[in-house]
Amino acid sequence: METSTASPKKSLSSSSSAVRPPHQAVKFARRTSSGRIVSLSRDDDLDMSGEFPGPNDYINYTVMMPPTPDNQPGATSDSKTDGPQRRRVADEEGGYGGSGGGRHAGATKTERRMSVMKPSNNTSMLLRSQTGDFDHNRWLFETKGKYGIGNAFWSEQEEDYGLESGMSMSDFMDKPWKPLTRKLKVPAAILSPYRLLVLVRMIILGFFLAWRIQNPNRDAMWLWGMSIVCEIWFAFSWLLDILPKLNPINRATDLVALHDKFEQPSSSNPSGRSDLPGVDVFVSTADPEKEPPLVTANTILSILAVDYPIEKLSCYISDDGGAILTFEAMAEAVHFAEDWVPFCRKHNIEPRNPDSYFSSKTDPTKNKKRTDFVKDRRWIKREYDEFKVRINGLPEAIRKRSDMYNSREETKEKKLAREKNGGLLPLEPIKVDKATWMADGTHWPGTWLDPTVDHTKGDHAGILQVMSKVPENDPVMGHPDEKKLDFTGVDIRLPMFAYVSREKRPGFDHNKKAGAMNAMVRASAILSNGPFVLNLDCDHYIYNSQAVREGMCFMMDRGGDRLCYIQFPQRFEGIDPSDRYANHNTVFFDGNMRALDGLQGPVYVGTGCMFRRHAIYGFHPPRANEYSGAFGQLKSPAPNIAMQAQSQTEELDDSETQPLASHPDLNLPKKFGNSSMFTETIAIAEYQGRPLADHISVKHGRPPGALLIPRPPLDAPTVAEAVAVISCWYEDKTEWGERIGWIYGSVTEDVLTGYRMHNRGWRSVYCITKRDAFRGTAPINLTDRLHQVLRWATGSVEIFFSRNNAFLGSKRLKFLQRVAYLNVGIYPFTSIFLVIYCFLPALSLFTGHFIVQSLNIAFLSYLLIITICLTLISLLEVKWSGTGLEEWWRNEQFWVIGGTSAHLVAVVQGLLKVVAGIEISFKLTSKSGGEDEDDIYADLYMVKWTSLFIMPLTIIVVNIVAVVIGFSRTIYSVIPEWSKLMGGTFFSFWVLAHMYPFGKGLMGRRGRVPTIVYVWSGLVSITVSLLWISISPPTDSTNVTDGGVQV
């Protein structure tokens, strides 16, 4: 290594007495190039026996020193007799990339930046003890070394380190930088065979389809033609589904590192206050009859009790129906939360949904050590029971109160009428509106129990009520209370909670749930302006109180500024053990979504998602890539798009008239509305959502301690402005719903909103926690389930026929991510081919022909190989996704059931909307259970007729009758064609096996299957088969064809 001697050198010296000697049990050593262990400690008796940890593993240990300037592989242990002294090359000598003179002019970049060790008689500051042992940590600090992951980064600036960042040597030595998340790849032993089998099946499918095309069935060309078209489409659909699954990954978070980084005292945060950003939680509801207030109240209670800094958390509920029942239920929930939330904090309760907690079958005393837990639990259980009774009694209480006030108003009107009419009542009846009254004796401004003008679901004023004020910045500790619990030492503050019901008026398009979410985004920006937004349905509660922190690990980690949202998997309760209709949907949530996480990120599925507010506003990520080439194989940094004044007129700039690829969705948002208070919050939210700039690799960050300023209390002008931004006219002549916020134009606004974010270059992350983050309910009734699938499929068809089709996506969309979004829009069209294919076995049995000329060896071999490949692929997919084989089979069954019913109707409805402009309306999925309280699965056995049943029922009946007819035809034939019977019968049973859950759902409750079902099925089959044989009786003459015998 070269040294420079051209100019005076900077040197650091210090008395070795200032450095504490190491404990005598700590031994320092290094391994030479020959493998020999050389002791660097005063004690030469280095004990290297035993490579496995023992009982004194953390008392006596050996530190292996890496090669440093005084610890080179060629050096010997005698080289440490004289204390080494560090010399650093100064800037004026050409160090740090300069072009100065001397011997450094030709030195490499690494050599110019490394420290040089020179023997000296002076005592060096680098001495760890009198023995001259080298202090590696101090050497890294003094040479501007920065800790990275497994290596050291060198500062570009020489003297600015430690001045503006507020760091010191103690921060370097004691608190090395730690990542908050890590990526866990799927083992190659599973993923490599999976990819290989996918490739093999693709090749075999190509050969099989080529063989099918080259070998038509001359006797039934129409049957062969329909089958080959369906099989080509199925192969294309399979490719769209399987290609995005080639790179699944897992992720893990480090909550301890998050706590150490944001909630521990430091030079920039002496008090140790939380430096985490704020989070606004959105809960949406619309109808208290379909979405019971008790369910919504339990969700709110789980949010208020979440483990996150109280002053940084705010909760909002959007009641799009403007119902007083929901309003008063939320008021009761906040009152009960004053006891429930401190109880959860005191005893570390999980889950923090009281209904789920008290109905849990596990031992409540497990891991509970406080002696007053049993007494506290008994008391809070009684309070919760009283809370439920009050919620259940609210409808009657509201009705009685309104009748009382209405009768009083009617009496006043009659009294006024008598005074005006000389003491007599007028002949015409006195009309008094049947108003709905609040507890304070004023009219309810929302929807009345007896709807009238200005008080209906689609015509009412905007309502905003802050039910729990902004909490104090300092903890408020409880105290002993004889009437309540002893909350001594427990923080009894509650997060801010607000009830929001946006204004609705006739003549305005309120855009369903997407419009309600956008109104809540604006109101929350005025009131709390949390840089992150957590979106939950009213029936999805927080099951893991650490869920918000888990999501924050990704947002605050290195590269987190490029993330638009964190999607959590949906987990459900109250589903029948067999999961008859695949309600858990684990194949999608644990398979497809995990695989998308290895690309650009999972799709947004409507609930359980943490957003970056800046991304919701339609802005671009600070950094993005563009992908070009036929398969997106060429990656290049995307140019930064600055805000520019557009010369086009408003008509030409209308985003509805421009294809997505023309801008391509990359113009910056401008039209946020006329609220200056709202626009001022945009930059603040963007800054507060940045990761912590505590490492050189963190780009676009904020300094530590920037979020310690307490939030000011709300005042009347602020609340008034929040009411103004939820008015029905606020979005006029703005970009809300087009480029800003939740995107309008589809009943599945969630998928559409996530797609537009990915199209701008944002990334998303899938966060699977060890303990489920959220849990909710799903419809277990067949009719409700099919209507839910119908809504999803209709939204996909709308996306396919809109400018949001992934074909028109920008260059910032990865190729396989584009394929995944294409599959989202195309999958409902598979229903057309699926319905035809389900009828083919019956048509084969009816006509005596099959899709191939004969069941020869080639056809059976292809069929066997394709089936084996599909089975092995499914087994490996089950292995890396963690799903079960039964769950995979249930998903396959419901794919056929939904494909032949809801998906087909969705295609028809989507075409009607595109061609004829017929709008589609959907009813809410009921969140309540069945009427039978003794059976929690009573809803599963309810049969509610719907037109969606027609096609699957027809397929079942036709295939059953076809099997009977085919069997009868073969029995009575002079020369039976058993091969064609077996082929048609096998595929008919394949269809019937997939339809089994549907048929079981039509039969009603277990053990109560009507005998008449079997009787009528047998009679119909026998009658039709006899009728067919009578019409076309078998004869003695036979027709010999190329491939077999035809009757």
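**Salt bridges and nonpolar cores**

Biologist: What is the relative accessible area of D241?

Modeller: This is a predicted model, in which local features need pLDDT of at least 70 and side-chain atom pairs count only at pLDDT 80 or more, while totals for chains, interfaces and linings use all residues. Residues are numbered from 1 along each chain as its sequence is written, and side-chain values use heavy atoms, with hydrogens and water left out. Buried means under 20% relative accessible area, exposed over 50%, and partly exposed in between (1.4 Å probe, protein chains only). D241 falls in the partly exposed class, because its relative accessible area is 25%.

Biologist: Which residue does D241 meet in a salt bridge?

Modeller: A salt bridge here is a side-chain nitrogen of Lys or Arg within 4 Å of a carboxyl oxygen of Asp or Glu. The N to O distance for the D241 pair is 3.4 Å, and the partner is K245.

Biologist: Which other residue forms a salt bridge with K245, with N and O atoms 2.8 Å apart?

Modeller: K245 counts as buried because its relative accessibility is 4%. This second pair links distant parts of the chain, 632 residues apart: K245 lies in the loop between α5 (221-242) and β10 (249-253), and its partner in helix α22 (residues 857-881). Helices (H or I, at least four residues) and strands (E, at least two) are DSSP runs, numbered from the N terminus. The partner is buried at a relative accessible area of 10%, and is E877.

Biologist: Are R739 and E735 buried or exposed?

Modeller: Their side chains meet in a salt bridge, N to O 2.8 Å. R739 has a relative accessible area of 4% and E735 one of 7%, so R739 and E735 are both buried.

Biologist: How many salt bridges are there by this rule?

Modeller: Some are linked in a network, which joins K346, R370, D372, K375 and D376. The count comes to 42.

Biologist: Which helix gives the largest share of the largest nonpolar core?

Modeller: A nonpolar core is a set of buried Ala, Val, Leu, Ile, Met, Phe, Trp, Tyr and Cys residues joined through side-chain atoms within 4.5 Å. The largest has 90 residues, and Y617 is one of those that touch the most other members. Nine residues of this core come from residues 512-527, which form helix α12.
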